[in-house]
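Hi,

Here is the structure I promised to pass on. Have a look at it first, and my notes on what turned up in it follow below.

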Amino acid sequence: MRLKSVLLLGALACALTAPARADWVFSDETAETLTAAIEEGLYGPVTSALILREGEVVYEGYFNDADAETLHDTRSVGKTVTGMLAGLLVDQGVMTLDQPLAPLFEDIQPFAYPDPRKQAITLEDLLTMSGPLDCDDWNQFSRGNEERMYTMEDWDRFFWDLPMRGYPSWTTPPRDAAYGRSFSYCTAGVQIVGEALGRVLGEDLEAFAERELFAPVGIETYDWPRAGSGRMHLGGGLRLATRDWATLGELQRNHGLHDGQQVLSQNWTRAAVTPHAAMDGQDYDYGYLWWLGQAESPAGEVSFAMMTGNGGNRVWVIEDEGLTVVLTKTEFNTAGMHERADQFLSDAVLNHLQ
């Protein structure tokens, strides 16, 4: 009886400390209005939209020749999946966040621009986009811009041969930055995370992903593009059906639990959406390959975690409101693509929290 009483008290304490959920007002008429807005192109060329609350479908629609079986090209949304795979190896004790990665690449050493700081780059540095190399996809002049990587055969050497990053007076060095990290969006670094995982495992990472992540959550069909060398594109490109993207969002929302099975640990899922770096000039923090933001709703400010990719592709997880939202689009490299995705979130989700 004592154990039962303790459990009951623990459950009551969790209930008392859990944030109150806002009311959800989403009618059939609302759904029809949303569908009309999508078909009119208000949010760009949308291929699918899915809203789950507490795991139940609130809205689901497919557009522009897509259907429930379509594997969507969501570009960098797949980065977060590479982060989940890293979390699995950390959970299993195979890797640590403070583990230097350069020793795993002895076969391509010595690196160009040798520097002891290269040898000290850790898994956490690359999961938080805060490594010390000149790698910035948002700067076309950066030596590590991803478009330069795609033209090369050896993506590992591309990353490790980059020069060190400089911090002129108009930038913020790590010692002065929020969370002690200076953010720089670097696809090549995420590729190295995935390559490092495969080297530690001694197997192609696709087999590990299928066995340890996809199969446990019921994902059976996917397409993972590969580089010219035959290696997986681990910095993005993974193609999944809309409901499967939602399944991964739900895995995060439920702290790694899927149908009673703990696929990812609670420790990892909490750490993954804890701010570890701040993005200069943007209203986001960054976790472990998760974007972290806040938005306004009629019920007040809402916090969310987000997988995001070129074209305005999104998977939003709004844990406090029990929401997982998927939006897929083909609006690649287009001005306003992300702003239109943000507008969709406001119109389809946030404005219905009362």
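The second largest pocket has 21 residues in its lining, and those nearest its centre are Asp136, Arg165, Thr171, Phe183 and Ser184. Bear in mind as you read that this is a predicted model. The volume of this second largest pocket is about 450 Å³. Sorted by class, its lining comes to 10 nonpolar, seven polar and four charged residues.

Two of those names turn up again elsewhere. Phe183 belongs to an aromatic cluster, together with Trp138, Tyr185, Tyr284, Tyr286, Trp291 and Phe304. Ser184 shows up at the largest cavity, which I'll get to below.

On to the largest pocket, which has a volume of about 730 Å³. Its lining takes in 32 residues, and Ser76, Glu146, Gly309, Asn310 and His338 are the ones nearest the centre. If you want to find your way around it by secondary structure, helix H6 (146-150), strand S10 (300-309) and H12 each put at least two residues into the lining. Which element gives the largest share? That is H12, with four residues. As for chemistry, the lining of the largest pocket has 14 polar, 10 charged and eight nonpolar residues.

Now the closed spaces. Counting cavities of 30 Å³ or more, there are three. The largest cavity has a volume of about 80 Å³. It is lined by 13 residues, and the closest to its centre are Leu126, Ser130, Gly131, Ser184 and Cys186. Seven residues of that lining are nonpolar, four are polar and two are charged.

The second largest cavity holds about 50 Å³ of space. Around it you will find Thr80, Gly83, Met84, Gln252, Leu264, Trp268, Ala272, Tyr288 and Trp290. Two elements, H3 and helix H11 (266-272), give two or more residues each to this lining. H3 has the largest share, at three residues. How many charged residues are there in this lining? There are no charged ones, as it is made up of six nonpolar and three polar residues.

Next, the aromatics. Searching the whole structure gives 19 aromatic pairs. Take phenylalanine 111 and tryptophan 160: their ring centres are 5.0 Å apart and their planes are at 10°, so this pair is stacked. Planes under 30 degrees apart are what count as stacked here. The pair ties together distant parts of the chain, 49 residues apart: phenylalanine 111 is in the loop between helix H3 (79-91) and helix H4 (116-119), while tryptophan 160 is in helix H7 (residues 155-160). Are these two buried or exposed? Both phenylalanine 111 and tryptophan 160 are buried.

Tryptophan 316 and phenylalanine 344 make another pair to look at. Their ring centres are 6.3 Å apart with the planes at 20°, so they are stacked too. This pair also links distant parts of the chain, with tryptophan 316 in strand S11 (residues 313-318) and phenylalanine 344 in helix H12 (residues 337-348), 28 residues apart. Tryptophan 316 and phenylalanine 344 are buried as well.

There is a charge over a ring, too. The charged end of arginine 75 sits over the ring of phenylalanine 332, at 3.7 Å from the ring centre.

Finally, two single residues. Histidine 276 sits in the loop between H11 and strand S7 (277-278). Its relative accessible area is 14%, so histidine 276 counts as buried. Beyond its neighbours within four places in sequence, histidine 276 is in contact with Glu124, Thr128, Tyr179, Arg181, Ala271, Tyr286, Gly287 and Tyr288. You have met a couple of these already: Tyr286 is part of the aromatic cluster, and Tyr288 lines the second largest cavity.

Glycine 260 is the other one, and you can find it in the loop between strand S5 (257-258) and strand S6 (261-262). Why does glycine 260 count as exposed? Its relative accessibility is 66%, and exposed means over 50%. If you'd like a distance to check in your viewer, try glycine 260 to glutamate 106: their C-alpha atoms are separated by 41 Å, and the two lie 154 residues apart along the chain.

Cheers

How values were computed:
Residues are numbered from 1 along each chain as its sequence is written. This is a predicted model: local features need pLDDT of at least 70, side-chain atom pairs count only at pLDDT 80 or more; totals for chains, interfaces and linings use all residues. Side-chain values use heavy atoms; hydrogens and water are left out. Rings of Phe, Tyr and Trp (its six-membered ring) pair if their centres lie within 6.5 Å; planes under 30 degrees apart count as stacked, over 60 as edge-to-face and the rest as tilted. Buried means under 20% relative accessible area, exposed over 50%, partly exposed in between (1.4 Å probe, protein chains only). A charge sits over a ring if NZ of Lys or CZ of Arg is within 6 Å of the ring centre and within 35 degrees of the ring normal. On a 1 Å grid over the protein atoms alone, a cavity is a set of points where a 1.4 Å probe fits but cannot get out, and a pocket is an open set with protein on both sides within 12 Å along at least five of seven lines; lining residues have an atom within 4 Å of a point. Grid points are joined across faces, edges and corners, and a volume is the space filled by probe spheres set on the points. Ala, Val, Leu, Ile, Met, Phe, Trp, Tyr, Cys and Pro count as nonpolar, Asp, Glu, Lys and Arg as charged, and the others, Gly among them, as polar. Contact means heavy atoms within 4.5 Å.
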